[in-house]
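Q: Please take one part of this model and walk me through it closely, from its place in the fold to the contacts around it. I would like the cut-offs spelled out along the way.

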Amino acid sequence: EHRLEVARSLGATDTVNNSRGDAVEQIMEATEGKGVDFVVECIGTPSGWDLCQNIVADGGEVTILGVHGHPGSINLQTLWQKNVSIHTGNVHGYTMQAFVEKIVSGAIDASKLISHNAYGLEDIEEAYEFFGNANATHSLKVILTNNLINKAAEFPCSFDGSVADANRMTITS
């Protein structure tokens, strides 16, 4: 329910609770059988990808942000008939132009997706554990900051600032 609240705060006009496994039916009913013009897949599971394929409208777009660790099926016969555009990649702006344009134009306030900004790189294991329990912690996107760069300044070192020297920087005590 927390994620649905966040979606509404981002401007979602309708939200769907899929706890009964009937999200496709709910969405198709709400859109009078049309489907959704712009679908963002954030789950990273085969079932999430399958849901996206079943709700995208004719001529619609699907942008895949979820990190997929398992294969998913492409229902090419259905997507081809719908003339769907699919954007994938390692969150490169040029592969997800429509999504990035929505953020740049202000249609989507991506800052609202950042739920926790309290972890430094030295806390990376704790941050991953926290994010791994997203249902309990209500985490959406957890930001890590490079707090180690300041700690490195506490040690005497030789570094001329060049990229070449960055690979051979020495720390002395």
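**Helix H3 and its surroundings**

A: The protein has nine helices and seven strands; helices (H or I, at least four residues) and strands (E, at least two) are DSSP runs, numbered from the N terminus. This is a predicted model, in which local features need pLDDT of at least 70 and side-chain atom pairs count only at pLDDT 80 or more, while totals for chains, interfaces and linings use all residues. Residues are numbered from 1 along each chain as its sequence is written, and side-chain values use heavy atoms, with hydrogens and water left out.

Some background first. Of the 173 residues in the protein, 23% are buried, where buried means under 20% relative accessible area, exposed means over 50% and partly exposed lies in between (1.4 Å probe, protein chains only). Taking contacts between residues at least 6 apart in sequence, 49% join residues at least 24 apart; a contact here means heavy atoms within 4.5 Å.

Now to helix H3, which covers residues 46–55 and has Gly48, Trp49, Cys52, Gln53 and Ile55 as buried residues. Their cover includes two helices, H2 (23–30) and H4 (76–82), together with the strands E1 (36–41), E2 (56–64) and E3 (85–87).

Two of those strands also frame the helix along the chain: E1, H3 and E2 make a right-handed β-α-β unit. A crossover is right-handed if, with the strands pointing away from the viewer, the path from the first strand over the helix to the second runs clockwise. E1 and E2 pair in the parallel sense over five bridges, the rule being that two strands pair if DSSP finds at least two bridges between them. If you want a spot to zoom in on, Val40 stands opposite Thr63 in E2.

H3 also contributes to the largest nonpolar core, a set of 10 residues: Ile27, Val39, Trp49, Cys52, Ile55, Val56, Val62, Ile64, Leu79 and Val84. Such a core is a set of buried Ala, Val, Leu, Ile, Met, Phe, Trp, Tyr and Cys residues joined through side-chain atoms within 4.5 Å. H3 and E2 are the elements that give two or more residues to it. Core member Val84 touches Val56, Ala57, Gly60, Val62 and Leu79, leaving aside its neighbours within four places in sequence.

Next, consider the H4 side. Lys82 sits in helix H4 and counts as buried because its relative accessible area is 15%. Beyond its neighbours within four places in sequence, Lys82 is in contact with Gln53, Asn54, Val56, Ala57, Asp58 and Gly59. Lys82 and Val56 are 26 residues apart in sequence, and their C-alpha atoms are 8.4 Å apart in space. The chain then continues to Asn83, in the loop between H4 and E3. Asn83 counts as exposed because its relative accessibility is 60%, and its phi is positive, about 60°, although it is not a glycine. For context, most residues other than glycine have a negative phi.

Then there is the H2 side, where Thr31 lies in the loop between H2 and E1. Thr31 counts as partly exposed because its relative accessibility is 25%. Measuring C-alpha to C-alpha, Thr31 and Ile55 are 9.6 Å apart in space and 24 residues apart in sequence. The side chain of Thr31 reaches the backbone nitrogen of Gly35 at 2.9 Å. This is a polar contact: a pair of N or O atoms within 3.5 Å, where, within protein, one must be able to donate a hydrogen and the other to accept it, and residues adjacent in sequence count only if both atoms are side-chain atoms. Glu32 is found in the loop between H2 and E1 too, and at 76% relative accessibility it counts as exposed. Glu32 has a positive phi of about 55° although it is not a glycine.

To put the pieces together: helix H3 belongs to a right-handed β-α-β unit with E1 and E2, has cover that includes H2, H4 and E3, and gives two or more residues to the largest nonpolar core, as E2 does.
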